[in-house]
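Here is a walk through one model, a piece at a time. Have the viewer open and follow along by residue number.

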Amino acid sequence: MFTPAFSHSGKLMLLAMLVLVSACSSKPQPSNPPNLAKANIYINQVAFDVQAPKQAVVALPIGETASRFIVYQASNIIFQGQLTAQPSFTEWGQGTHYYLADFSSLKRRGEFHIVVNTQKQQLASSTFIIKPNAYFGLTAKSIINYFKASRHTNPTDKSIRINGTERYIDVSGGWVVSGSDSGKYLNHFADSNYLVAQQGAIVTWALAKSYDSLPRLYDRKGLTLELAEEVMWGADYLHRTLASAGYFYTNIFDQKGLADERLVTGYDTINEKYTNNFQAAFREGGGMAIAALVRAHELSNKTGVQGEFSAKQYLTDAERAFAHLQKYNLHYVDNGKENIIDDYTALIAATELYRLTKKTKYLKAARLRARNLNNRMTSQGWFISDDDDRPFYHGVEAGLPIIALVEYLSIERSRKLKNKTKRTIKLSLNYQLALNSQVANPFNLARQTFKTYKDGQYAKQQEGFFMPHANETNDSWQGENARLASLTAAAIWGGKVTHSDPRGAFAINSELANFAQSQIDWLMGKNPYQVSMLYGFGVNNPPHAKSAGTMLNGGISKGITGTTLNPEGRGITWAEGPDENNWRWVEQGLQHATWYLLAMTAMTE
């Protein structure tokens, strides 16, 4: 759901959602809490690239031991290795000792499984595949199909009223935001200011960027036309939502029991009411919309695929919107102040415009935003979100500041400015690696630095695995699969700039490569609930829930969180029920599939 407040208000349109819910899965469902005291092999249930790090976590009850693991292909022993004991880890449960099984040196192609013999039993993992370009080959088509199946095709959107007026506009097209919400959004939680997440426009940008990175693979797989059609579908929608004044309309809200009609509107998540703040600032989707239109222009010219509007129109829209936000962005942000999210989204927009047009004004704009980001980097290695000392932490796009800086480096020719930017990237990636190793962390799950927020006050700075539940919206905590995938993409693309190793996996050093792979492993089943969040892949997919709506192959559920009642997001939980709350973990959303697409692209390169 777009706004968690809806799930608590009792205003969900249950009858409509019942129609949308697919038949229940026959696959085994995860328990809650995880049974960590039971012996298990936790592993990516889908695939590993031939050159990628390959690891499994073996969990044994205290008192039960093992020393070796065996990799089988069918009944044949292919590889044997020593289990590496891990430090004691009790944050998610007691009574378990963890071991690491590393088989990264296995380059053989095929389908495999792992066996571990203890003095009491034999454990066998689920099967997994090893092949070149594994994620692209196995999942790219399903991801594109997920976006196509998520298209919004309701003809009523050809005439939607703008909140507070009697004006009606055509805002047809775009993608529904999630399995249970037929609204269409450029942002998520705009009034939080620091937790704003990019929604619909970033899909268009990510699809086009993925093709630009891997054109031969898309062509070879016969996926170029399908991908380009989705890009143009998204670009056509952005053209329709561009007001004559030069700003994009932020959101088309479904009724959700709050109004009698769909509306072009802003939304106050804390007070649960519509507003007239429907102009998208850079951080509210405007920046990514500009970048997406530039990429769509370029892709249309490359492939010859056209949407309803021309490639020329897309570029005209992008330039007009950028000029408008350069003047009026401060009028549109909720608190009247720009922050880090304005910087990295505007940087991507300016970078894309300069890359294509070579107009000096866009290079100047990009340099200003890059300087802002560089100045937000602390000597320790974390970004400052605001004008004070709030650390940047994000449940969806934690890796996007680094990706924006990497994109900027592609257009910058000044050695001095490039070196400053590389320093920022290196500090950030090194800090992430240090943060992950500060505590026992058998799954190598990305940790984050944060401050809880309550009654207008921030608490002391601290670190943890999951988003704090006490934050600026009082409620914007939910599964973080998008965050993890964004960090994979940032680690690889950023690592190629600052931690390069031509002989290493993903062409980066081993520690960073292990980090990047571990986030995708978590998403694909190497987690305490042994759930593969990528629907249709792996042996245990998320359960259905009425509150989560439709479940589509290629879609990715939101994911695991800290325990419900812990304001700091400590502990761990997944789909704990009751059903009306399970959307928080189970529901599929655009941002999760989008960030997986970008991670897949980075891993394939």
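## Around I162 and V264

Find I162 first: its partner across the way is V264 in β17. This is a predicted model, so read everything here as computed from the prediction. The two strands behind that pairing are β11, residues 160–162, and β17, residues 263–264. They pair in the parallel sense, over two bridges.

Step back and you'll see that both strands sit in an open sheet of five, ordered β12-β11-β17-β16-β13, with mixed pairing. At the edges you have β12 (168–169) and β13 (184–185), each of which pairs on one side only.

## The four-strand sheet

Another open sheet has four strands, in the order β1-β3-β7-β6, and here the pairing is antiparallel. Its edge strands are β1 (40–42) and β6 (84–85), each with pairing on one side only.

Within this sheet, look at β3 (residues 55–61) and β7 (residues 96–102): seven bridges join them, and they run antiparallel. If you want a landmark, V57 stands opposite L100 in β7.

## Strand β10 and its two neighbours

What lies on the covered face of β10, and what on the uncovered one? In this strand, residues 128–131, F128 and I130 make up the covered face, while I129 and K131 are on the uncovered face. Side chains in a regular strand alternate between the two faces of the sheet, so an every-other-residue pattern fits.

β10 pairs with β2 (residues 47–49) through three bridges, and those two run parallel. β10 also pairs with β8 (residues 110–117), again through three bridges, but here the strands run antiparallel. Both of the covered-face residues have a partner to look for: F48 stands opposite I130, and F112 stands opposite F128.

## Helix α9, end to end

Now to α9, residues 340–357. Its 18 residues should span 26 Å at 1.5 Å a residue, and the end C-alpha atoms are indeed 26 Å apart, so the length agrees with expectation. Of those 18 residues, 15 are buried, so the helix is largely enclosed by the rest of the structure.

Both ends are worth a click. At the N-terminal end, N339 acts as a cap, with a side-chain oxygen 2.8 Å from the backbone nitrogen of I341. At the other end, α9 is followed by K358, which has a positive phi, near 60°.

## Helices that cross

α7 (residues 286–303) and α9 have axes that come within 7 Å and cross at roughly 25°. Angles under 35 degrees count as roughly parallel, so α7 is roughly parallel to α9. The crossing is left-handed.

Compare that with α6 (residues 224–240) and α8 (residues 311–332), whose axes come within 10 Å and cross at roughly 50°. That angle makes α6 oblique to α8. This crossing, too, is left-handed.

## Two buried polar residues in loops

E397 is in the loop between α10 (360–376) and α11 (400–409). Buried or exposed? Its relative accessible area is 0%, and buried means under 20%, so E397 counts as buried. Its C-alpha atom is 8.4 Å from that of L484, although the two residues are 87 apart along the chain.

N471 sits in the loop between β21 (457–464) and α13 (481–498). With 0% relative accessibility, N471 is buried as well. What does its side chain contact? A polar atom of the N471 side chain lies 3.0 Å from the backbone oxygen of P468. The N471 side chain also makes a polar contact of 2.9 Å with the side chain of T473.

## Helix α16

Last stop: α16, residues 590–604. From first C-alpha to last it reaches 21 Å over 15 residues, close to the 21 Å expected at 1.5 Å a residue. How many of its residues are buried? The count is 15 of 15, and the helix is described as mostly covered.

Methods: Residues are numbered from 1 along each chain as its sequence is written. This is a predicted model: local features need pLDDT of at least 70, side-chain atom pairs count only at pLDDT 80 or more; totals for chains, interfaces and linings use all residues. Side-chain values use heavy atoms; hydrogens and water are left out. Two strands pair if DSSP finds at least two bridges between them. The expected span of a helix is 1.5 Å times one less than its number of residues. Buried means under 20% relative accessible area, exposed over 50%, partly exposed in between (1.4 Å probe, protein chains only). A polar contact is a pair of N or O atoms within 3.5 Å; within protein, one must be able to donate a hydrogen and the other to accept it, and residues adjacent in sequence count only if both atoms are side-chain atoms. Axes are lines fitted to C-alpha atoms, for helices over the stretch in contact, and angles run from 0 to 180 degrees between N-to-C directions. Angles under 35 degrees count as roughly parallel, over 145 as roughly antiparallel, 65 to 115 as roughly perpendicular and the rest as oblique. A crossing is left-handed if the near helix is turned anticlockwise from the far one by less than a right angle, and right-handed if clockwise.
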